[in-house]
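Colleague: Could you pick one part of this model and go through it slowly? I'd like the cut-offs along the way.

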Amino acid sequence: MMNLFSKLPTISSTTIVSSQKELKFLTQAKSAWIGFGASVNDFFHSYTWREIFFTIKVISFIFSILMLLAIIFVIFKKMTLGAIAKPVESDKKKKKSAKKWAKIEKKFKSGVEANYKLAILEADSFYDKVLKTPGREKEKNLSNVDEIKKAKRVKARIIDDSGYVLIEEEARNTLDAYKKGLEELGVM
């Protein structure tokens, strides 16, 4: 039996002392942790925390009101500026269209038959481009639908027949039909 006990490790006095030190350290750490938890708990249940929390709530409420007012202000500005910007934008488009039409008229006023034809082709192209833009009324709502149909036939003859003779009066009537249509569409 003695043999059996000889194989067990022996416990020395230094081992016991180090174990006691570790136990004392762990006990102190446990006490510190419990103390920390208690002080945190006391803080959150204290009057100081309630004051801080109330201040945070008041600041958050004021900030929310200010942000709501800012959003309302931005929406209001966007609506009023949008209402102002649309007529200005429309005026710019009308000026641009007027310049384009002035170029067409200049070709017509040259008195040369080839320029009459070019003016009609450009007027037709401009008219078709306007009809393709979103938000424009269609041709059937115009008062001069029949005149525009005649103008389209003149344009088709110019394209199909290279020997087609275009007189000034017919060219003028054709351009006037396109111009009236563009005016009714609100482009000029």
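Modeller: Here's a walk through one cluster of charged side chains, the helices that carry it, and one further link. This is a predicted model, where local features need pLDDT of at least 70 and side-chain atom pairs count only at pLDDT 80 or more, while totals for chains, interfaces and linings use all residues. Residues are numbered from 1 along each chain as its sequence is written, and side-chain values use heavy atoms, leaving out hydrogens and water.

Let's start with D124, which sits in helix α4, residues 113–132 (helices are DSSP runs of H or I with at least four residues, strands are runs of E with at least two, numbered from the N terminus). With a relative accessible area of just 3%, D124 is buried (under 20% is buried, over 50% exposed, and partly exposed falls in between, using a 1.4 Å probe and protein chains only). So we have an acid tucked away at 3% relative accessibility, and two lysine side chains reach it. The side chain of K155 forms a salt bridge with D124, at 3.4 Å from N to O (a side-chain nitrogen of Lys or Arg within 4 Å of a carboxyl oxygen of Asp or Glu). That pair links distant parts of the chain: K155 belongs to helix α5 (residues 145–160) and D124 to α4, 31 residues apart. The side chain of K152 also makes a polar contact with the side chain of D124, at 2.8 Å (N or O atoms within 3.5 Å; within protein, one must be able to donate a hydrogen and the other to accept it, and residues adjacent in sequence count only if both atoms are side-chain atoms).

K152 has another partner too: its side chain meets that of D128 in a salt bridge, 2.5 Å from N to O. Because K152 is in α5 and D128 in α4, this pair ties together parts 24 residues apart in sequence. K152 is partly exposed, at 23% relative accessible area, and D128 is partly exposed, likewise at 23%. Put the pieces together and D124, D128, K152 and K155 are linked in a network of salt bridges.

What about α4 itself? Its 20 residues reach 29 Å from first C-alpha to last, close to the 28 Å expected at 1.5 Å a residue (the expected span is 1.5 Å times one less than the number of residues). D124 has buried company in α4, including Y116, K117, A119, I120, A123, F126, Y127, V130 and L131.

The salt-bridge count comes to 8, so let's visit another one. R172 and E105 meet through their side chains at 2.7 Å, N to O. R172 lies in helix α6 and E105 in helix α3, so this pair ties together parts that are 67 residues apart in sequence. R172 is partly exposed, with a relative accessible area of 23%, whereas E105 is buried at 12%.

As for α6 (residues 168–184), its 17 residues should span 24 Å at 1.5 Å a residue, and the end C-alpha atoms are indeed 24 Å apart. Buried in α6 are A171, T174, L175, A177, Y178, G181 and L182. These cover an arc of only 150° around the axis, which puts them on the same side of α6 (the arc is that of the directions from the helix axis to the C-beta atoms). Just after α6, G186 takes a positive phi of about 85°.
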